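Visitor: I am new to this structure and would like to learn how to read it. Could you take me through some of its features?

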Amino acid sequence: MILVENLSKVYPDGTKALRNITFSIARGEFVGLMGPSGSGKSTLLHLIAGLEKPTGGEVFVNGKRLTSMDEDELAEFRKSNMGFVFQFYYLLEDFSVLENLTIVGELAGQKDPKKKALEILEFLRLSHRINHKPYQLSGGEQQRTAIGRALMLNPKVILADEPTGNLDLEEGRRIFELFLRLREERGITFLIATHNQEMKRYFDRVLRLRDGSLEN
Ligand SMILES: Nc1ncnc2c1ncn2[C@@H]1O[C@H](COP(=O)(O)OP(=O)(O)OP(=O)(O)O)[C@@H](O)[C@H]1O
Ligand SMILES: [Mg+2]
């Protein structure tokens with residue numbers, strides 16, 4: 001599902017964030033991305049999502065070569081294949097939970113985004129919060145709303161950057177258990193960057209970065 005070959009990223013100021021990384025992730029795998037601060041985790045996720053261009057190497061997702069796509073093709077590809085979940089939830093503050101989801105479906109031209117949003121919110125156990133605004137929610141509820149937004153587009157891959165970074169351990173575990181259910185029930189492939197050693201036990205395996213290189 002994800003194939004990364006000889007990937008490097010040198011930022012314009014000369015920082016070598018990734019050095020010749022190669023790995024692959026099969027469909028339905030649940031993989032951790034760990035390593036010290038500054039080791040290149042976010043950079044790697046951004047390159048796989050096509051949010052940034054590599055300085056060398058290739059990224060393939062679901063058999064398609066991202067590194068040869070232009071911005072429009074990338075945006076289109078992301079919409080139908082990839083969901084991104086961040087440490088900070090980036091919800092629309094003036095919109096309700098339900099509206100935060102439906103707007104994604106509307107922009108994508110879906111037939112009945114409200115029905116789909118309600119189903120997803122039920123799956124996320126947020127049915128009792130649909131008319132709340134983000135500021136009225138706990139951190140975990142905000143993160144589940146952000147995950148719901150990603151699910152509106154039926155992603156095959158979810159890339160998550162410190163998704164539990166702002167949550168306590170209990171809320172963090174709930175998010176991971178939710179991800180595992182999405183893997184079981186929908187076959188979604190996950191790559192999750194985290195500092196949290198507690199979460200290691202959830203992963204099928206862990207990719208370790210140090211100074212922009214893959215260990216082991
Ligand atoms: N836009 C940028 N311009 C220059 N250097 C950058 C840029 N973004 C990141 N870097 C550098 O690239 C390296 C990797 O950064 P990255 O954000 O990928 O690390 P990380 O593993 O996600 O760290 P953290 O755990 O703190 O989130 C660091 O040395 C960082 O300072
Ligand atoms: Mg990071």
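Guide: Begin with a term. A crossing is right-handed if the near helix is turned clockwise from the far one by less than a right angle, and left-handed if anticlockwise. Keep in mind that this is a predicted model.

Visitor: Which handedness does the crossing of helix 3 and helix 4 have?

Guide: Helix 3 passes helix 4 in a right-handed crossing. Helix 3 covers residues 97–107 and helix 4 residues 113–123; their axes come within 8 Å and cross at roughly 130°. Angles of 65 to 115 degrees count as roughly perpendicular and those over 145 as roughly antiparallel, so helix 3 is oblique to helix 4.

Visitor: Which residues of helix 3 and helix 4 meet?

Guide: From helix 3 come Val97, Leu98, Leu101, Thr102, Gly105 and Glu106, and they meet Pro113, Lys114, Lys116, Ala117, Ile120 and Leu121 of helix 4. By class, this contact has 7 nonpolar, 2 polar and 3 charged residues.

Visitor: At what angle do the axes of helix 5 and helix 6 cross?

Guide: They cross at roughly 20° and come within 9 Å, with helix 6 spanning residues 169–186. Angles under 35 degrees count as roughly parallel, and helix 5 and helix 6 are therefore roughly parallel to each other. Helix 5 also passes helix 6 in a right-handed crossing. Gly139, Gly140, Gln143, Arg144 and Ile147 of helix 5 make the contact with Glu171, Arg174, Ile175 and Leu178 of helix 6. Its residues divide into 3 nonpolar, 3 polar and 3 charged.

Visitor: Now the sheet. In what order do its strands lie?

Guide: The order is 6-7-8-3-9-10, in an open sheet of 6 strands with mixed pairing. Strand 6 (82–85) and strand 10 (213–214) are the edge strands, each pairing on one side only. For one pair inside that order, take strand 7 (residues 157–161) and strand 8 (residues 189–193), which pair in the parallel sense over 5 bridges. There, alanine 160 stands opposite isoleucine 192 of strand 8.

Visitor: Which strands does helix 5 lie across?

Guide: Helix 5, residues 139–151, lies across strand 6 and strand 7, and runs at about 165° to strand 6.

Visitor: Last, the ligand. Which residues surround ligand 1?

Guide: The shell consists of Tyr11, Asp13, Thr15, Ala17, Gly35, Ser37, Gly38, Ser39, Gly40, Lys41, Ser42 and Thr43. Helix 1 (residues 41–48) gives the largest share of this shell, 3 residues. By class, the shell has 2 nonpolar, 8 polar and 2 charged residues.

How values were computed: Residues numbered from 1 in each chain as written. Chains lettered and ligands numbered in written order. Predicted model: local features only at pLDDT ≥ 70, side-chain atom pairs only at ≥ 80, totals over all residues. Near = placed C-beta within 6 Å. Helix = DSSP H or I, 4+ residues; strand = E, 2+ residues; numbered from the N terminus. Nonpolar A, V, L, I, M, F, W, Y, C, P; charged D, E, K, R; others polar. Pairing = 2+ DSSP bridges. Contact = placed C-beta atoms within 7 Å. Axes fitted to C-alpha atoms, helices over the stretch in contact; angles between N-to-C directions.
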